[in-house]
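Here is a protein model to look at together. The questions below ask what each label rests on, and the answers set values against definitions.

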Amino acid sequence: MRELVERSIDSEGVPQLAGARRGRMVTVNLAESPLGWLRSRGLVDARQFAAGERLRADYERASIAPSVTMRWAERVDGGGHDGLDPTSAQIAAKRRFDTAIAAAGPGLADILWRVVCAGEGLPAAEKALQWPARAGRLVLTLALDRLAAHYGIG
């Protein structure tokens, strides 16, 4: 089932909190990420969702995940919206990602990475971490709360 909604994003592609109408509007399929799925069902709040999306954006911008296709840059002349060359922007995003994961703490970073960055569903993450069923959502919400505090959201 596709759950399409209109969202406002800022110049870096990070979704804005509900009610914010800054930046451009994009159509988002809430069912395509585990965090979006949790948000669409009210299992994480807007603050937690925004923190998770900000972490995911830095994860993707830092190009930490393995590449499977050619990289398509926005511009081939090295220009960008943030004034950084592509390499510096990638290094800055990696630094922000590492700082955010460290702020979550060692017990919470695993679930954050698995659900928010790697896109694993909660049942798969719980199984991989050898946690009891339905323990993942509670731990994930704690991790997202720490992440939101780190980012100063809410």
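Q: How many helices and strands does the protein have, and what makes a stretch count as one or the other?
A: The protein has 6 helices and 2 strands, where helices (H or I, at least four residues) and strands (E, at least two) are DSSP runs, numbered from the N terminus. Read from the N terminus on, the elements follow the order β-β-α-α-α-α-α-α. This is a predicted model, in which local features need pLDDT of at least 70 and side-chain atom pairs count only at pLDDT 80 or more, whereas totals for chains, interfaces and linings use all residues. Residues are numbered from 1 along each chain as its sequence is written, and side-chain values use heavy atoms, with hydrogens and water left out.

Q: Why is the pairing of Arg 61 and Asp 58 called a salt bridge?
A: The term requires a side-chain nitrogen of Lys or Arg within 4 Å of a carboxyl oxygen of Asp or Glu. The N to O distance between the side chains of Arg 61 and Asp 58 is 3.4 Å, so the pair meets the definition. Arg 61 and Asp 58 are 3 residues apart in helix H2 (residues 46–61), a separation of about one helical turn.

Q: Why is Asp 58 called buried, and what is Arg 61 called?
A: Buried means under 20% relative accessible area, exposed over 50%, and partly exposed in between (1.4 Å probe, protein chains only). Asp 58 has 3% relative accessibility, and therefore counts as buried. Arg 61, with a relative accessible area of 23%, is partly exposed.

Q: How do you know that Lys 94 forms a salt bridge with Asp 98, and where do the two residues lie?
A: The closest N and O atoms of Lys 94 and Asp 98 are 2.8 Å apart, and this distance satisfies the cut-off, so the label applies. Both residues lie in helix H3 (residues 86–104), 4 residues apart, or about one turn of the helix. Lys 94 has a relative accessible area of 34% and is therefore partly exposed, and Asp 98, also at 34%, is partly exposed.

Q: What makes Arg 114 and Glu 120 a salt bridge, and how many salt bridges does a search of the whole structure find?
A: The side chains of Arg 114 and Glu 120 meet at 2.9 Å, N to O, which places the pair within the limit and so makes it a salt bridge. Glu 120 is partly exposed, with a relative accessible area of 22%. Elsewhere, salt bridges that share partners join Glu 53, Arg 56 and Glu 60 into one network. A search of the whole structure finds 7 salt bridges.
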